[in-house]
Amino acid sequence: MSREVNLSVIGQYVDYLVLKQGVRKVFVNGTTGESVSLSVEERKQLVEEWCQKGKGKLEEVIVHVGCSSLKDCQELARHAVKAGADGIAVISPSFFKPPNAAALRMFLQEVAAVAPALPFYYYHIPSMTGVHLLASDVLEGIDEMIPSFRGLKFSGSDLLDFGQCISCNPGHWTYLYGMDEQLLAALAMGADGAVGSTYNYMGSTVNRLLAALDKGDLAQARTLQFQMQEIILFAMKNGFSLAMNKQMMCELSGLPLGPPRLPLLPCDVAKAQAVAQKLHSALGHQ
Ligand SMILES: CC(=O)N[C@H](C=O)[C@@H](O)[C@H](O)[C@H](O)CO
Ligand SMILES: CC(=O)C(=O)O
């Protein structure tokens, strides 16, 4: 049961994101996209489909090209250039873990070097990689090593580390925060934007949060963050997982996005439906 990739729904999914959620920037083949469970060939096909179907609709397509093998990362980075991606991102390898921040920087440098014209991001997600290096240590001196380095996708809860990453900005780095339940705190710290699994169905909510903050309406931004927290906490109490997130994406988009691939197991549909119900009531729909 290899659970095949279904390329045919991507065009419709782009329309759903743009029209229903107001999401115009995507991060392809990341955690939610189960990139590490896919073959290099499948990842290439997905990138081509997203870039083609997103043309004229999406503003930015960042492609995650991280793998255990540096060679595979490089192949995917070269492919992302050809496919027309706007940027690439890389996680730390996690079976053989980099022994220190310098080793991870060297790994990132070797990937970035084959696609020097593409903006390059380090994707920090210690809960998944088990690599608990400080992101701020990884960033030390990275500007000189990787001229295309443009920033960080930070999916961790350590706002001390995140703050230190922001305070060392040479001026042209972008910070994307990836813990949806505490985005507002990260924005206060200086995050520029957000990438997260729940924005597949709370994209419009997070857009309202960002707009409220831009207007200086902190009370409204808090209200929206608390609503998002209520939904995420309810999901957590029901066993939130990548599989549940994917089922939520099916429920909310109405598209057959399918179950995850092994070793993950599908989520109980009734649980995802209960979370979807919670989402509607917390956000005041219906
Ligand atoms: C560890 C993890 O999967 N992080 C995701 C993004 O990177 C988040 O979007 C979380 O799924 C979300 O914040 C819920 O905890
Ligand atoms: C959600 C997210 O950040 C990812 O899929 O990588």
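## Thr-174 and its contacts

Let's start with Thr-174. Setting aside neighbours within four places in sequence, Thr-174 touches Tyr-121, Arg-150, Gly-151, Leu-152 and Asp-192. This is a predicted model, so keep that in mind as you look around. Thr-174 belongs to strand β6, which covers residues 174–177.

Is Thr-174 buried, exposed or partly exposed? Its relative accessible area is 27%, and buried means under 20% while exposed means over 50%, so Thr-174 counts as partly exposed. If you want a distance to try out in the viewer, take Val-23: Thr-174 and Val-23 sit 151 residues apart in sequence, and their C-alpha atoms are 18 Å apart in space.

## Around ligand 1

Next, have a look at ligand 1. There are 13 residues around ligand 1, and the ones that come nearest are Ser-155, Gly-178, Asp-180, Glu-181 and Ser-197. Sorted by class, the shell holds five nonpolar, five polar and three charged residues.

Some of these residues put polar atoms beside the oxygen atoms of ligand 1. Ser-155 does so with its side chain, where a polar atom is 2.7 Å from an oxygen atom of ligand 1. Asp-180 uses its backbone instead: an N or O atom there is 2.9 Å from an oxygen atom of the ligand. Ser-197 also brings in a backbone N or O atom, at 2.7 Å from an oxygen atom of ligand 1. How much of ligand 1 does the protein bury? On its own the ligand exposes 390 Å², and the protein buries 88% of that.

## Around ligand 2

Now for ligand 2. Its surrounding residues are Phe-27, Gly-30, Thr-31, Thr-32, Tyr-123, Lys-153, Val-195, Gly-196 and Ser-197. You may recognise Ser-197, which is also among the residues that come nearest to ligand 1. By class, the shell of ligand 2 has three nonpolar residues, five polar ones and one charged one.

Which side chains bring an N or O atom to an oxygen atom of ligand 2? Thr-32 does, at 2.7 Å, and so does Lys-153, at 2.5 Å. Thr-31 takes part through its backbone, with an N or O atom 2.8 Å from a ligand oxygen. Alone, ligand 2 has 210 Å² of accessible area, and the protein covers 92% of it.

## Helix α12

Helix α12 runs over residues 242–253. At 1.5 Å a residue, its 12 residues should span 16 Å, and the end C-alpha atoms are indeed 16 Å apart, so the two agree. Right after the helix comes Gly-254, which takes a positive phi of about 75 degrees.

Why call α12 largely enclosed by the rest of the structure? Because nine of its 12 residues are buried. Those residues are Ala-243, Met-244, Asn-245, Lys-246, Gln-247, Met-248, Met-249, Cys-250 and Ser-253. They pack against four helices: α1 (10–21), α10 (199–214), α11 (218–237) and α13 (269–282).

## Glu-42 and Arg-261

One last stop is Glu-42, in helix α2 (residues 40–54). Its relative accessibility is 14%, which means that Glu-42 counts as buried. The side chain of Glu-42 makes a polar contact of 2.8 Å with the side chain of Arg-261. Beyond neighbours within four places in sequence, Glu-42 is in contact with Arg-261, Glu-4 and Val-5.

Key:
Residues are numbered from 1 along each chain as its sequence is written. Chains are lettered from A and ligands numbered from 1 in the order in which they are written. This is a predicted model: local features need pLDDT of at least 70, side-chain atom pairs count only at pLDDT 80 or more; totals for chains, interfaces and linings use all residues. Side-chain values use heavy atoms; hydrogens and water are left out. Helices (H or I, at least four residues) and strands (E, at least two) are DSSP runs, numbered from the N terminus. The expected span of a helix is 1.5 Å times one less than its number of residues. Buried means under 20% relative accessible area, exposed over 50%, partly exposed in between (1.4 Å probe, protein chains only). Contact means heavy atoms within 4.5 Å. A residue is near a molecule or strand if one of its heavy atoms lies within 4 Å of it. A polar contact is a pair of N or O atoms within 3.5 Å; within protein, one must be able to donate a hydrogen and the other to accept it, and residues adjacent in sequence count only if both atoms are side-chain atoms. Accessible areas come from the Shrake-Rupley method with a 1.4 Å probe; for residues, only the protein chains shown count as cover. Ala, Val, Leu, Ile, Met, Phe, Trp, Tyr, Cys and Pro count as nonpolar, Asp, Glu, Lys and Arg as charged, and the others, Gly among them, as polar.
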